[in-house]
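Please work through the exercises below with the sequence and the model side by side. Each exercise sets a task and then gives a solution in steps.

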Amino acid sequence: MRSRLRRCVITGLTIAAACLLVAPHAAAVPPSVRGGLGDDFLWGVAASGFQSEGATPDSNWTRYIEAKGYEPYEQSVDFYHRYASDIALAAHLGARVFRIGIEWARVQPQPGQWDEEAFRFYDAVVAEILDHGMRPMLTLDHWVYPGWVADRGGWNDPAIVEDWLRNARRVVDRYADWNPVWVTVNEPVAYIMHEVRHNGTDAGRMLDLVARAHNDIYDYVHRVQPDARVTSNVGYVAGAEAEVNGPLLDRIGAKLDIIGVDYYFGLQAPEASTDGSVPPPAGMWELPVRPEGIYYALRHYAERFPDKPLYIVENGMPTEDGAPRADGYTRSDHLRDTVYWIQRAKADGMNVIGFNYWSITDNYEWGSYAPRFGLYTVDVRTDPNLTRTPTDAVDTYRDIIAADGVPAEYRPVRPLSDCALVDPPASCEHPVTVPEVQFAGQTAS
């Protein structure tokens with residue numbers, strides 16, 4: 001039962017947040033340099049519970065780290081104790097959305113036992129987001145479940161859906177009045193592949209179970225929060241999206257209010273070798289960054305779901321331990337180029353409503369601290385203070401948000417890749433080009 005006092009407090013915070021969503025500093029940007037995404041575009045940042053919180057309870061992932069010999073987790077970037085300052089960093093950017101996860105392993109450490117202290121932590125996090133004028137985006141499952149669920153076989157246990165829904169309903173009941181955007185399951189197909197590798201899970205069975213969990217909680221959210229927006233973000237796979245994520249969308253597409261897309265990489269160029277194979281990258285920082293691919297990802301889903309809005313739930317660029325990329329492409333370059341292509345998509349009629357930068361800080365990338373995605377970098381290995389050090393992209397993102405995008409005359413730093421390496425066949429059959437423009441004494445195309 002929700003108390004009248006709590007409802008009044010939440011209503012007040014929500015109204016305050018709605019008022020603050022109109023960024024007053026945006027008006028100071030001259031019209032000549034404003035972007036094309038509009039005052040109502042939802043600029044955001046993202047984090048996940050397990051990857052950033054520290055103080056982690058027993059879960060499938062704490063067990064995987066030990067069993068697989070991954071880099072020790074330590075306390076990650078300690079979002080558990082530093083959430084207020086991290087949320088303030090996002091607000092200073094002008095962000096309107098802050099994405100976090102509500103970790104099942106934390107709030108239900110044993111079957112039938114709910115940890116009220118854990119819920120009070122998330123209460124404080126969500127209240128802090130609202131207090132800074134942002135809307136919470138809450139993820140119910142970001143690949144982590146309690147150790148007791150792992151003991152029952154994880155997603156090999158047919159009963160997991162009922163356990164999953166029992167937790168999810170408890171979370172929805174607690175936070176629906178705070179008017180979040182809901183993410184049911186983060187990148188379900190990638191999640192399935194993780195469980196296949198780590199836990200011997202049957203991929204087809206887990207796909208059916210995850211789809212059932214999503215569809216059931218979608219209906220429940222809308223009973224509790226009728227005007228809710230619910231999504232399940234897909235990890236876009238260039239050149240094979242229909243085959244990889246298509247079966248999932250066949251099962252849950254009717255119960256998505258927003259099409260959530262995560263976009264990171266294009267295709268790897270074939271390289272000559274004695275046996276004709278392609279050498280694997282040393283790390284994800286060597287995977288090919290092709291920012292124009294986000295245009296094709298958006299077009300793919302605009303065509304499949306023409307009546308539904310599109311939201312880039314995650315996008316960013318990894319570097320190795322914070323070092324510059326070998327090709328000299330900076331985080332700022334990548335961010336501006338990506339926003340350029342989102343603006344092109346919107347100009348071409350695609351209903352793109354939001355973009356989250358992954359991530360607000362560096363975090364634990366599922367086995368290692370080497371890949372760095374953060375707007376603020378954190379050296380977990382050597383800095384006991386876990387200092388948040390701004391990257392070049394902090395000022396860049398703040399400027400982009402203030403201006404509703406990049407200026408109309410902006411042209412990408414990164415040239416177009418061979419269409420076969422972006423998102424074939426679409427990128428070759430229906431390519432998009434960069435119009436030439438003369439500025440600052442040079443011609444870009």
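Helix axes are lines fitted to C-alpha atoms over the stretch in contact, and angles run from 0 to 180 degrees between N-to-C directions. Helices (H or I, at least four residues) and strands (E, at least two) are DSSP runs, numbered from the N terminus. The model is predicted, with local features needing pLDDT of at least 70 and side-chain atom pairs counting only at pLDDT 80 or more, while totals for chains, interfaces and linings use all residues. Residues are numbered from 1 along each chain as its sequence is written, and side-chain values use heavy atoms, with hydrogens and water left out.

**Exercise 1. Describe how helix α4 packs with α6.**

Step 1. Helix α4 covers residues 79-93, and its axis runs 9 Å from that of α6 at an angle of about 10°.

Step 2. The two helices, α4 and α6, are therefore roughly parallel to each other, a label given to angles under 35 degrees.

Step 3. On the α4 side the contact (heavy atoms within 4.5 Å) is made by Phe 79, Tyr 80, Tyr 83, Ala 84 and Ile 87, and on the α6 side by Glu 117, Phe 121, Ala 124, Val 125, Glu 128 and Ile 129.

Step 4. These contact residues divide into nine nonpolar, no polar and two charged, where Ala, Val, Leu, Ile, Met, Phe, Trp, Tyr, Cys and Pro count as nonpolar, Asp, Glu, Lys and Arg as charged, and the others, Gly among them, as polar.

**Exercise 2. Find which parts of the chain are tied together by the salt bridges of Arg 174 with Asp 123 and of Asp 250 with Arg 304.**

Step 1. A salt bridge is a side-chain nitrogen of Lys or Arg within 4 Å of a carboxyl oxygen of Asp or Glu, and a search of the whole structure finds 21 of them.

Step 2. The side chains of Arg 174 and Asp 123 meet at 2.7 Å, N to O, in one such salt bridge. Because Arg 174 lies in helix α8 (residues 160-175) and Asp 123 in helix α6 (residues 116-131), this pair ties together parts that are 51 residues apart in sequence. Both Arg 174 and Asp 123 are buried, that is, under 20% relative accessible area, whereas exposed means over 50% and partly exposed in between (1.4 Å probe, protein chains only).

Step 3. In the salt bridge of Asp 250 with Arg 304, the closest N and O atoms are 2.6 Å apart. Asp 250 belongs to helix α12 (residues 246-252) and Arg 304 to helix α13 (residues 293-304), so the parts tied together are 54 residues apart in sequence. Asp 250 is exposed, with a relative accessible area of 59%, and Arg 304 is partly exposed, at 33%.

**Exercise 3. Locate the nonpolar cores, and say how α15 is covered.**

Step 1. A nonpolar core is a set of buried Ala, Val, Leu, Ile, Met, Phe, Trp, Tyr and Cys residues joined through side-chain atoms within 4.5 Å. The largest has 115 residues, and those touching the most other members include Phe 98, Trp 155 and Tyr 397.

Step 2. Helix α10 (residues 203-224) gives this core its largest share, ten residues, while a second, separate core of nine residues includes Leu 42, Val 97, Val 181 and Ile 353.

Step 3. Eight of the ten residues of α15 are buried, which leaves this helix mostly covered; among the buried ones are Tyr 397, Ile 400 and Ile 401. The buried residues of α15 pack against elements including α4, α14 and β10 (352-358).

Terms used. Angles under 35 degrees count as roughly parallel, over 145 as roughly antiparallel, 65 to 115 as roughly perpendicular and the rest as oblique.
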